[in-house]
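Trainee: I have this one open for the first time, and I'd like to go through it with you piece by piece. Can you take my questions as they come?

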Amino acid sequence: TLVIILNALAVDPRRSWKGPWRWYEESMLNCCVDLDLAKETGITFSTFVCLAKCQGLDVHAVHGPDSTVEEFRQVVKQTCTHQKLPSSFLVISYTRKVLGQTGTGHFSPIGAYDEASDNVLILDTARFKYGPHWVPLELVFEALIPEDPDTGQSRGYVVLSYDGKQDEIFNPDTCHRCNSHLPLSVLFGSKQNDSLRKEYKDFLESLLPNVTFSLVISFWTKDRTNDNYIWELVQPQLQPVDSADVDMVTSLRRLLKGLIARKQSDMPSALLLTWQWRNINNGNKSDVGCPPGGSCCTPSPNNGSVRTLEISPGEALYIVYLASLSKEQRRCIVYEDGIDAEMRIGVDDTVREQLLAETALVSYAIETCDWDV
C-alpha cells in the first residue's frame, strides 16, 4: 500500500528500480521495518506511520476512536473528490472481520468515494482473497475502532502527502496527529528490531545527560567483542544513481571522518575498516560470509547491478552517537570548526544539514520503538 502511494505521489526513491526507471518497490523502503520480518508478521499502525515518515511523506495519522464518522467522511471527500490532480491519499488500517471478511488487520488505500451511496472503494485488498470493492463508509469507520491484539491500541486512518520539501524535522515530543515528515536518508536504513532499540533507549536514559562516544561504542560493539553488532540496528543504503547523490554520499563520509578524527582516542582504528579492506589486506578476496555494511553487499532482488554502500562500522557508530544527543548538541558538533581542511573539501551547509537529517532518522526510530507498548 505504501509503495502504491509513493509512486502515485511521484516521490523519487533516488534509486533505480529496473533499468532507467525510478519507481519505489518494497526493498527500497527505509527506516522502521525489517522487510523480511514484515512479510511474516505484518506491521502495526504506528510502524506504518513511522515508515511513511521515513520516506519523506507528510503524515496525518488518526486512531479510530479519536475521530468521528463525520470527520472521517470529510477526510474521504477531501482526498477523493476535491482534487483535480491528487496531492494526498488516504490509507486505512482496518479489521477485516467487521467487513465480514476472513483475516485480521489490513492496510488499504481508499481509491474513490460515491457520495450518492456514501460508499468508498477499497483498493490493494490482497486479490487472491478479495478484489477491490465498495463498502459503506460508516462500516469502514467501524472497522477502524477495534484494538489490534498485538498493540492493545485501535487502528485508524492516515492521510499521506508530499511536497518535496525537506526542511521540517519531526519532533519526537509531539504525537502521531501532526503534519510532519522526515528527510530521506542517503546513508542508512534502520532495521525493525524494537527490542534492541528499547534496550538502547533504556541505556541512554540511564546515562543522561552524560552520553559519550566511548559509551556508545561500548554498547554497540558489546565491549569490543562484536564490531559488527551495529548492523543489527542500521544497514547501508543502496548506492545512489544521481551524480548529486553520489557527491552527497562522498561529502557526508568525508565530514564524518573529519568529525571522527576529533574523537580518535575513542574510536578503535579497526572500526573504520570496511569488510572489503579487511579481506584484501588479509589476502582474502572472497565475498563469502560478508556481514552487512561492507562492500560485498546484497544485490537488489530486482536489479542485480545495484549494491549497497561500503560503509565502516565506525561511521555508523558515529551517526548513532549523534542521534543519541539532543538536537542542539548535534547541531553544535556538526557545525563546530576544527575539522582538517582536507576533510572539509565539498562540505557545505547542505552536507551538514543532511548529516543532521541522517541522525534525526535514527533518533526517531529509537524514540518510537515503544509507541506500541
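Trainee: Which residues of helix 7 are buried?

Mentor: In helix 7 (residues 213-220), the buried ones are F213, V216, I217, F219 and W220. Buried here means under 20% relative accessible area, while exposed means over 50% and partly exposed lies in between, using a 1.4 Å probe and protein chains only. Helices (H or I, at least four residues) and strands (E, at least two) are DSSP runs, numbered from the N terminus. Keep in mind that this is a predicted model, where local features need pLDDT of at least 70 and side-chain atom pairs count only at pLDDT 80 or more, whereas totals for chains, interfaces and linings use all residues. Residues are numbered from 1 along each chain as its sequence is written, and side-chain values use heavy atoms, with hydrogens and water left out.

Trainee: Where do those buried residues sit around the axis of helix 7?

Mentor: They cover an arc of only 160 degrees around the axis, so they lie on the same side of helix 7; the arc is that of the directions from the helix axis to the C-beta atoms.

Trainee: And what covers them?

Mentor: The cover includes helix 6 (194-207) and helix 10 (313-323), where contact means heavy atoms within 4.5 Å.

Trainee: What happens just after helix 7?

Mentor: K222 takes a positive phi there, of about 50 degrees, and K222 is a residue other than glycine. K222 belongs to the loop between helix 7 and strand 10 (234-236), and with a relative accessible area of 42% K222 is partly exposed.

Trainee: What about the loop on the other side, between helix 6 and helix 7?

Mentor: That loop holds P209, and the peptide bond from L208 to P209 is cis, with omega near 0 degrees.

Trainee: Switching to the strands, what is the order in the open sheet of six?

Mentor: The order is 1-8-2-3-4-5, and the pairing is antiparallel. Two strands count as paired if DSSP finds at least two bridges between them. Strand 1 (58-63) and strand 5 (133-136) stand at the edges with a single partner strand each, so one side of each has no neighbour in the sheet. From one strand to the next the twist averages 35 degrees, with axes taken as lines fitted to C-alpha atoms, for helices over the stretch in contact, and angles running from 0 to 180 degrees between N-to-C directions.

Trainee: How many bridges join strand 4 to strand 5?

Mentor: Four bridges join strand 4 (residues 119-122) to strand 5, and the two run antiparallel. Going along strand 4, N119 has P136 as its bridge partner, V120 has V135, and I122 stands opposite H133.

Trainee: Are the side chains of strand 5 buried or not, and which way do they point?

Mentor: They alternate: H133 and V135 point to one face and are buried, while W134 and P136 point to the other face and are not. In a regular strand the side chains alternate between the two faces of the sheet. Strand 4 has both faces covered, since N119 and L121 on one side and V120 and I122 on the other are all buried.

Trainee: What links strand 3 to strand 4?

Mentor: The two form a hairpin with four residues between them, and D118 in the turn has a positive phi of about 60 degrees. Strand 3 (residues 105-114) pairs with strand 4 in the antiparallel sense over four bridges, and D114 has N119 as its bridge partner.

Trainee: New topic: how many residues of helix 12 are buried?

Mentor: Helix 12 is mostly covered, with 15 of its 19 residues buried. From its first C-alpha to its last, helix 12 (residues 349-367) reaches 26 Å, close to the 27 Å expected at 1.5 Å a residue, where the expected span is 1.5 Å times one less than the number of residues.

Trainee: What caps the N-terminal end of helix 12?

Mentor: D348 does, through a side-chain oxygen that lies 3.1 Å from the backbone nitrogen of T350.

Trainee: And for the chain as a whole, how many helices and strands are there?

Mentor: The protein chain has 12 helices and 10 strands, and buried residues make up 52% of its 373 residues.

How values were computed
Polar contact = N/O pair within 3.5 Å; in protein donor to acceptor, adjacent residues only side chain to side chain.
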